[in-house]
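User: I would like a close look at a single part of this protein, namely one helix and the elements it packs against, with enough of the surroundings to place it in the chain. Please take me through it residue by residue where you can.

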Amino acid sequence: MLKHILSVPLEVITIALVRWFEGHSNVQLDTLPSPRMFKTHLHYAQLPATAKSIYIARNPFDNCVANFEILRGYCTFGAESMTWEQYLDLFLEGDVLFGSWFKHVKQGWGQAQKSPNTVLFLRYEDMKADEAGAVLKIAQFLEVPITKDRAREIAELTTFKQMQKDPTANHEWTKLFFNEGFNFIRKGIVGDYLNYFNAEQTERMKLKLREISEAGVSCFDDFL
């Protein structure tokens, strides 16, 4: 499906083309026409082994902050009164939605090193720094020939600011469950964690990150 998206007119592309893998339990996904494309937060080990995967990881500091704000932003979670300190404790223990970030990334990174033809590992930070370059990497991974101009066009229409304007991408269809002042597409910047972490909390996160680094998962060593 993504091959087709990279080659069809951009004005016909909508997020509705992409099904949330764990969010459509009432749909027989294997009966949908091939090629199929899904988005998911599941661990790599929970996904079909035959599928090509694009694994996007964000550094654990900003990931923790973003998930904390989402948890507090939806009234359905009932976490409006949760403090940052409480959530950080849960995050470091892996006692959060979709489990441990460290185990999750370890799986994705490991599989990408083992099978680079079936798993493309991208860092959110690198994608932000070179959005058109990320599009070209994805196209190359999927063996889709596109020009640099086409890649720039796609990058411009998929920036964070553009997504904020898109009511579908911004999950406005779930606005009934938003707490006042919450936006699903919030900031998207690199380094917002500096507004949340104190020195002691930073060292605790680095300690956990160092554990997977010593196990060979070096993808976020620049945050140590």
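Analyst: In this predicted model, the contact of helix α2 with helix α3 is made by P60, N63, C64, V65, N67, F68 and L71 on the α2 side, which meet W84, Y87, L88 and F91 on the α3 side. Sorted by class, the residues of this contact are 9 nonpolar and 2 polar, with no charged residue among them. Helix α2 covers residues 60–73 and helix α3 covers residues 84–93, and the two pack at an angle of about 120° with their axes 10 Å apart. That angle makes α2 oblique to α3, and the crossing in which α2 passes α3 is right-handed.

Helix α2 has a further packing partner in α9, which spans residues 199–214. Here the angle is about 115°, and the axes are again 10 Å apart. On the α2 side of this contact stand P60, F61 and C64, and they meet T202, M205, K206 and L209 of α9. The residues involved divide into 5 nonpolar, 1 polar and 1 charged. If the two lists are read side by side, P60 and C64 appear in the contact with α3 and also in the contact with α9.

C64 deserves a closer look, since a cysteine invites the question of what its sulfur is doing. With a relative accessible area of 0%, C64 is buried. Another cysteine, C219, also counts as buried, at 7% relative accessibility. The structure holds 0 disulfides, so no pair of cysteine sulfur atoms lies within 2.5 Å.

On the α9 side, T202 can be followed in more detail. T202 is found in helix α9 and counts as buried because its relative accessibility is 17%, which is under the 20% cut-off. Once its neighbours within four places in sequence are left aside, T202 is in contact with F61 and F197. F61 belongs to the α2 side of the contact between α2 and α9.

A loop residue also comes up against α2. D192 lies in the loop between α8, residues 160–165, and α9, and D192 is buried, with a relative accessible area of 3%. Not counting residues up to four places away in sequence, D192 touches D62, V65, R186 and K187. V65 is one of the α2 residues that meet α3. D192 can also be placed against N63, from which it is 129 residues apart in sequence, although the C-alpha atoms of the two are 9.8 Å apart in space. N63, in turn, is listed among the α2 residues in contact with α3.

Following the chain beyond α3, one reaches F98, which lies in the loop between α3 and α4, the latter spanning 101–114. F98 has a positive phi of about 70° although it is not a glycine, and at 30% relative accessibility it counts as partly exposed. A positive phi is also found at E143, another residue other than glycine, where the value is near 60°. E143 lies in the loop between α6 and α7, with α7 running over 148–157, and E143 is exposed, with a relative accessible area of 63%.

Helix α6, residues 131–141, holds E131, which counts as partly exposed at 31% relative accessibility. With residues up to four places away in sequence not counted, E131 touches A155 and T159. The C-alpha atoms of E131 and E156 are separated by 8.2 Å, while the two residues are 25 apart along the chain.

To set these parts in the whole, the protein chain has 9 helices and 4 strands, and read along the sequence they follow the pattern α-β-β-β-α-α-α-β-α-α-α-α-α. Of the 224 residues in the protein chain, buried residues make up 41%. Among contacts between residues at least 6 apart in sequence, 63% join residues at least 24 apart; the contact between T202 and F61 and that between D192 and V65 are of this long-range kind.

How values were computed: Residues are numbered from 1 along each chain as its sequence is written. This is a predicted model: local features need pLDDT of at least 70, side-chain atom pairs count only at pLDDT 80 or more; totals for chains, interfaces and linings use all residues. Side-chain values use heavy atoms; hydrogens and water are left out. Axes are lines fitted to C-alpha atoms, for helices over the stretch in contact, and angles run from 0 to 180 degrees between N-to-C directions. Angles under 35 degrees count as roughly parallel, over 145 as roughly antiparallel, 65 to 115 as roughly perpendicular and the rest as oblique. A crossing is left-handed if the near helix is turned anticlockwise from the far one by less than a right angle, and right-handed if clockwise. Contact means heavy atoms within 4.5 Å. Ala, Val, Leu, Ile, Met, Phe, Trp, Tyr, Cys and Pro count as nonpolar, Asp, Glu, Lys and Arg as charged, and the others, Gly among them, as polar. Buried means under 20% relative accessible area, exposed over 50%, partly exposed in between (1.4 Å probe, protein chains only).
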